[in-house]
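Take a short walk through this structure with the model open beside the text. We start at one pair of residues and widen the view from there.

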Amino acid sequence: MKIVRRIGASPRERGSATGQTCPDIFELSDGNFAVIGTDRTEALDGELPTDAARADYERIVVISRDTLVRAKVDIPEA
């Protein structure tokens, strides 16, 4: 599995001072997506709806609204 491309604007384009340590979204060679965000599992785990679950190896990651909105143009329709 490899990173194929960034989805959306780079951290620098979104106003990061360093352009290196900010939320990011990547498309992977297997068609899945990888997300860099802030781990908020402990804070949000108890807030999940009753029809949602998280495996022990999964984390709840938060990215900024701007990161996702600016990625919208690069997200495939199907």
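Begin with Glu27, which stands opposite Phe33 in E3. Keep in mind that this is a predicted model. Glu27 sits on strand E2, which covers residues 24-28. Strands E2 and E3 pair in the antiparallel sense, over 4 bridges. Another facing pair is Ile25 and Val35, with Val35 in E3.

Now look at the turn that links these two strands. E2 and E3 form a hairpin with 4 residues between the strands. In this hairpin, Gly31 takes a positive phi near 90 degrees.

Move to the other neighbour of E2. Strand E1 is joined to E2 by 3 bridges, and the two run antiparallel. Here Ile3 has Leu28 in E2 as its bridge partner.

Put these pieces together. The result is an open sheet of 3 strands in the order E1-E2-E3, with antiparallel pairing. Which strands form the edges? They are strand E1 (3-6) and strand E3 (33-36), each of which pairs on one side only. The strands are also turned against each other. Between neighbours in this sheet, the average angle is 30 degrees, with direction ignored.

Is E2 mostly covered or mostly open? E2 is mostly covered, and 5 of its 5 residues are buried. The cover reaches both faces of the strand. On one side, Asp24, Phe26 and Leu28 are buried. On the other side, Ile25 and Glu27 are buried too. In the protein as a whole, buried residues make up 21% of the 78 residues.

Asp24 deserves a second look. Its relative accessibility is 3%, so Asp24 counts as buried. Asp24 also forms a salt bridge with Arg6, and the closest N and O atoms are 2.9 Å apart. Asp24 lies in strand E2 and Arg6 in strand E1, so this pair ties together parts that are 18 residues apart in sequence. What about the cover over Arg6? Arg6 counts as partly exposed because its relative accessibility is 33%.

By the rule used here, the count comes to 5 salt bridges. A further one joins the side chains of Asp39 and Arg59, at 3.1 Å from N to O. Asp39 lies in strand E4 (residues 38-39), while Arg59 lies in the loop between H1 and strand E5 (61-62), so the pair ties together parts that are 20 residues apart in sequence. Asp39 has a relative accessible area of 41%, so Asp39 is partly exposed. Arg59 counts as partly exposed as well, at 46% relative accessibility.

One more salt bridge is worth finding. The side chains of Asp45 and Arg54 meet at 3.0 Å, N to O. How exposed is each partner? Asp45 is partly exposed, with a relative accessible area of 32%. Arg54 counts as partly exposed too, at 25% relative accessibility.

Now step back to the whole chain. The secondary structure comes to 2 helices and 5 strands. Read along the sequence, the pattern is β-β-β-β-α-β-α. The C-alpha trace spans about 35 × 30 × 20 Å along its principal axes. The accessible surface comes to about 6,000 Å². Carbon and sulfur atoms account for 51% of that surface.

Contacts across the sequence add to this view. Take the contacts between residues at least 6 apart in sequence. Of these, 45% join residues at least 24 apart.

Last comes the confidence of the prediction. The mean pLDDT of the protein is 91. Of its residues, 96% reach 70 or more. Among the elements, which has the lowest mean pLDDT, and which the highest? Helix H2 (residues 65-71) has the lowest, at 91. Helix H1 (residues 41-44) has the highest, at 97. Where pLDDT is low, the predicted coordinates should not be read in detail.

How values were computed. Residues numbered from 1 in each chain as written. Predicted model: local features only at pLDDT ≥ 70, side-chain atom pairs only at ≥ 80, totals over all residues. Heavy atoms only, no water. pLDDT = per-residue confidence, 0-100. Pairing = 2+ DSSP bridges. Axes fitted to C-alpha atoms, helices over the stretch in contact; angles between N-to-C directions. Buried < 20%, exposed > 50% of the residue type's maximum accessible area, 1.4 Å probe, protein only. Salt bridge = Lys/Arg side-chain N within 4 Å of Asp/Glu carboxyl O. Contact = heavy atoms within 4.5 Å. Areas by Shrake-Rupley, 256 points an atom, 1.4 Å probe, with all protein chains shown as cover.
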